[in-house]
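Colleague: Could you take a close look at one part of this model for me, the nonpolar surface patch and the aromatic rings around it? Please talk me through it in one go.

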Amino acid sequence: MSTEAVRTGRTTPVPPTWTGETPVAREERPRLWWEVAIVLGLSLGQSAVYSIVTIIDRSTQSTPLAKQTAQVNPSQSSREVFDFLYQFLGNAFPLFAVALVIFLLWQPGRTGFRRIGFDLSRPGRDLGGGLLLFLVIGVPGILFYALGRVLGLTVQVQASPLDTHWWTVPILIFAALRAGLQEEVIVVGYLFTRLRQLGWGKWTIIVAAALLRGSYHLYQGFGPFVGNAIMGVVFGWCYTRWGRVMPLVVAHVVIDIVSFVGYPLAVALWPHIFG
């Protein structure tokens with residue numbers, strides 16, 4: 001019997017995260033649908049809508065996508081102190097949506113962290129799994145972006161220069177942490193749990209979440225949409241196998257740190273591809 005089972009007075013161990021979720025009664029489902037709509041409307045669903053509008057705007061302009069640009073982590077002010085404050089706050093406030101879904105997933109005797117495998121109970125496995133996912137997804141993702149640029153399906157992504165201020169790199173790392181927490185906890189941990197409770201099947205959930213993941217990257221072009229959707233399928237499948245969000249967060253944060261910090265270096269070294 002697990003320690004959680006002893007502590008909560010259960011006679012049987014608490015099942016693993018994914019297999020432990022069962023569909024709720026039909027009369028309870030409308031409330032869950034409203035909850036999911038509100039959460040997504042306050043977080044990445046909102047980003048997806050803006051991104052879809054942006055790609056329609058970009059695609060209907062006279063300038064081809066390959067000649068357009070999209071900024072990642074751009075400067076927010078010409079004055080250093082306000083640039084720092086705007087960027088810090090812009091990355092800090094989305095974390096409240098992460099806190100919200102963990103709160104919503106909380107059960108008597110079972111925390112929201114434990115329910116989605118977002119804890120430090122398996123640090124070695126989570127770190128190893130995260131680094132493995134980085135190698136499987138991160139490296140091909142860079143090549144996929146380069147291919148999208150060559151084919152004209154991806155806009156030029158303009159990364160922030162690394163030498164702007166002393167705090168630039170720490171803020172970029174914070175942005176990577178925010179993105180990893182926001183996307184994996186909400187799109188995988190929370191959404192997979194709720195859709196499972198709503199009676200959706202495994203692969204329906206994986207594909208739906210992957211399409212959502214791709215949609216809020218559409219502002220960068222169709223290449224990033226496909227690349228992130230593929231990433232979503234792989235991450236979703238891993239979650240259904242491992243029942244833990246933590247390895248996905250590790251992988252995502254490492255991928256974004258390499259992208260945010262390493263991308264400007266790649267532009268300098270290979271401007272004909274990344275520039």
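Modeller: Sure. One definition first: a patch here is built from residues with over 30% relative accessible area and no salt bridge, and nonpolar side chains are joined within 5 Å. Keep in mind too that this is a predicted model.

With that cut-off, Val81, Phe82, Leu85, Tyr86, Phe88, Leu89, Phe93 and Phe96 make a nonpolar surface patch of about 790 Å². Helix H4, residues 80-92, supplies the largest share of the patch, six residues. As for the record, the unreviewed UniProt entry annotates residues 84-106 as a "transmembrane region", one of several such spans.

Phe88 is a good place to zoom in. Phe88 sits in helix H4, and its relative accessible area is 35%, so it counts as partly exposed. That value is over the 30% a patch member needs. Phe88 also has a second role: ring pairs tie it into a cluster with Phe84, Trp167 and Phe174. So what you get at Phe88 is a ring that belongs to the patch and is partly exposed because its relative accessible area is 35%, while also being linked into that aromatic cluster.

Now for the other rings. The structure holds nine aromatic pairs. One of them is Phe93 with Phe96: the ring centres are 5.9 Å apart and the planes meet at 25°, so this pair is stacked. Phe93 and Phe96 are both exposed, and both belong to the nonpolar patch.

Compare that with Trp106 and Phe113. Their ring centres are 5.9 Å apart as well, but the planes stand at 80°, which makes the pair edge-to-face. Trp106 is partly exposed, with a relative accessible area of 45%, and Phe113 is partly exposed at 34%. Neither name is on the list of patch residues.

For a contrast away from the patch, try helix H10, which runs over residues 222-242. H10 has 21 residues and reaches 30 Å from its first C-alpha to its last, close to the 30 Å expected at 1.5 Å a residue. Its buried residues include Gly223, Pro224, Asn228, Met231, Phe235 and Tyr239. The UniProt entry marks residues 225-242 as a "transmembrane region" too; in the model that span is 100% helix, with its end C-alpha atoms 25 Å apart. After H10 comes Gly243, with a positive phi near 70°.

Methods: Residues numbered from 1 in each chain as written. Heavy atoms only, no water. Helix = DSSP H or I, 4+ residues; strand = E, 2+ residues; numbered from the N terminus. Expected span 1.5 Å × (residues − 1). Buried < 20%, exposed > 50% of the residue type's maximum accessible area, 1.4 Å probe, protein only. UniProt positions renumbered as here; feature names shortened; annotations may be inferred. Patch = residues over 30% accessible without salt bridge, like charges linked within 9 Å, V, L, I, M, F, W, Y side chains within 5 Å. Areas by Shrake-Rupley, 256 points an atom, 1.4 Å probe, with all protein chains shown as cover. Salt bridge = Lys/Arg side-chain N within 4 Å of Asp/Glu carboxyl O. Phe/Tyr/Trp six-rings, centres within 6.5 Å; stacked < 30°, edge-to-face > 60°.
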